[in-house]
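Open the model in your viewer and get your selection tool ready. We will go from one stop to the next, selecting a few residues at a time.

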Amino acid sequence: MLPELNPPERLLMGPGPSNVDPRILRAMATPVIGHLDPAFLGLMDETMAWLRQVYQTRNHHTVPISATGSAGVETMMVNLLEPGDDVVVGIIGYFGQRMAEVASRTGANVRVVEAPLGESIPPERIEEELKRKPAKLVALVHAETSTGAEQEIPAVAEIAHRYGALLAIDCVTSLGGMPVKIDEWGVDAAASCSQKCLGAPPGLSPVTFGPRAMEVVSGRKTKCQSWYFDLNLLFAYWGDGKANTRVFHHTGPISMIYAMREALRIVLEEGLEARFARHRKAHEAFVAGLEAMGLSLFTRGKQLPMLHVINIPEGIDDLTVRRRLLEENIEISGGFGPLAGRTWRVGLMGVNANPAPVLRLLSALETALVEQGYRCERGAAVAAARAVFKR
């Protein structure tokens with residue numbers, strides 16, 4: 001007898017995935033139909049329309065790519081860059097470094113502008129680099145998952161356009177949990193994921209491309225480096241917004257599209273502003289709890305509301321605490337690269353940006369720390385967080 005699948009039930013408080021809303025799981029359990037069935041094509045159109053609302057854009061070319069969040073970033077790079085193009089990549093952590101690596105594989109000339117870990121890049125530094133030498137594209141991470149820092153976008157967009165460059169952003173961590181205003185900010189392309197603040201399982205990467213970006217895509221001198229992520233081919237399947245005809249490109253992940261559609265429906269029913277306020281309140285309560293325990297955040301720049309990088313106190317072992325939390329079926333993550341062993345990363349995303357998950361994590365974290373000899377006032381963290389939630 002082969003055992004049935006029986007994974008443990010975890011409270012997922014790391015940087016993603018987050019726990020999935022039961023409504024989304026029910027949507028995924030509905031019958032699978034064909035990926036060119038007229039009924040499914042209608043669901044695709046609804047998903048595109050709702051995704052535009054969440055991205056706050058009128059861009060027709062807004063779809064969930066059939067792959068995880070990393071694929072969305074790669075989709076931007078392989079469609080917007082050709083060999084010999086110049087691209088300026090802002091690096092404020094691990095995921096900025098990865099954007100630069102993906103860009104380099106297109107054959108583009110990659111120039112980087114870096115900020116110390118935990119900080120963001122002042123827009124004038126991007127202007128200095130473009131003044132020194134123009135570029136076709138500026139690429140930035142909006143919400144850096146490795147450091148908890150937020151990168152200012154509107155001022156960089158204005159600078160990029162003034163110097164003739166497009167702006168592409170990675171908003172994998174931010175979409176659905178804080179404002180991402182594609183049209184108002186002047187962003188030309190953006191990529192996110194399904195499994196963080198949107199609250200669906202991993203498997204899709206929502207992207208949006210504006211008119212300037214699509215002009216570049218349609219005017220390429222060389223074929224897109226990737227067949228699978230070639231926008232000209234993808235939108236023959238998703239629809240170009242002109243003719244109501246669809247051509248097979250790949251078999252769409254039917255159940256994941258169901259999940260994305262339901263996730264977007266949940267977001268829009270709650271309302272974007274209400275959802276952003278909920279994530280902000282959860283952040284404030286969690287930080288109050290950390291401070292009551294004597295803990296501090298690593299981030300020195302503008303702090304994200306949904307992702308927290310916590311300094312590990314002296315004398316406390318990273319893995320021991322995380323293993324102890326896992327015994328309580330709570331998952332958090334450790335730091336990346338130079339921050340490994342020095343920090344924890346905690347996400348408050350989607351359904352987890354609520355009082356019960358935050359209070360449960362603070363209580364368990366306090367217990368895990370005290371068991372290692374850490375000294376703090378027992379119960380103070382939960383009390384401090386409760387006080388914020390009651391405001």
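Start by selecting Arg345 and Phe336: Arg345 lies over the face of the Phe336 ring, at 4.3 Å from the ring centre. A charge counts as sitting over a ring if NZ of Lys or CZ of Arg is within 6 Å of the ring centre and within 35 degrees of the ring normal. Before moving on, please note that this is a predicted model, where local features need pLDDT of at least 70, side-chain atom pairs count only at pLDDT 80 or more, and totals for chains, interfaces and linings use all residues. Residues are numbered from 1 along each chain as its sequence is written, and side-chain values use heavy atoms, with hydrogens and water left out.

Next, show the strand that holds Arg345. Strand β14 covers residues 343-347, and five of its five residues are buried. Here buried means under 20% relative accessible area, exposed means over 50%, and partly exposed is in between (1.4 Å probe, protein chains only). Helices (H or I, at least four residues) and strands (E, at least two) are DSSP runs, numbered from the N terminus. In a regular strand the side chains alternate between the two faces of the sheet. In β14, Thr343, Arg345 and Gly347 point one way, while Trp344 and Val346 point the other way.

Which strands flank β14? Add β11 (residues 307-311), joined to β14 by five bridges and antiparallel to it, and then β13 (residues 333-334), also antiparallel to β14 and joined by two bridges. Two strands pair if DSSP finds at least two bridges between them. Trp344 makes a handy landmark: its bridge partner in β11 is Ile310, and Gly334 stands opposite Trp344 too.

Go back to Phe336 and add Tyr94 and Phe95, since these three form one aromatic cluster. Rings of Phe, Tyr and Trp (its six-membered ring) pair if their centres lie within 6.5 Å; planes under 30 degrees apart count as stacked, over 60 as edge-to-face and the rest as tilted. The whole structure has six aromatic pairs. One of them is Phe40 with Tyr258, edge-to-face at 6.5 Å centre to centre and 65° between the planes. This pair links helix α2 to helix α10, 218 residues apart, and both residues are buried.

Stay in helix α10 (residues 254-270) and select Arg265 and Glu262, three residues apart, about one turn of the helix. Their side chains meet in a salt bridge (3.0 Å, N to O), a term for a side-chain nitrogen of Lys or Arg within 4 Å of a carboxyl oxygen of Asp or Glu. Glu262 is buried, at 7% relative accessible area, whereas Arg265 is partly exposed, at 31%. By this rule the count comes to 24 salt bridges.

For another, select Asp188 and Arg212, whose closest N and O atoms are 2.6 Å apart. Asp188 is in the loop between α7 (182-185) and β9 (189-191), and Arg212 is in helix α8 (residues 211-218), 24 residues away. Asp188 is buried at 3% relative accessibility, while Arg212 is partly exposed at 42%.

For a last stop, select Asp86, Arg111, Glu129, Arg132 and Lys133 together: they are linked in a network of salt bridges.
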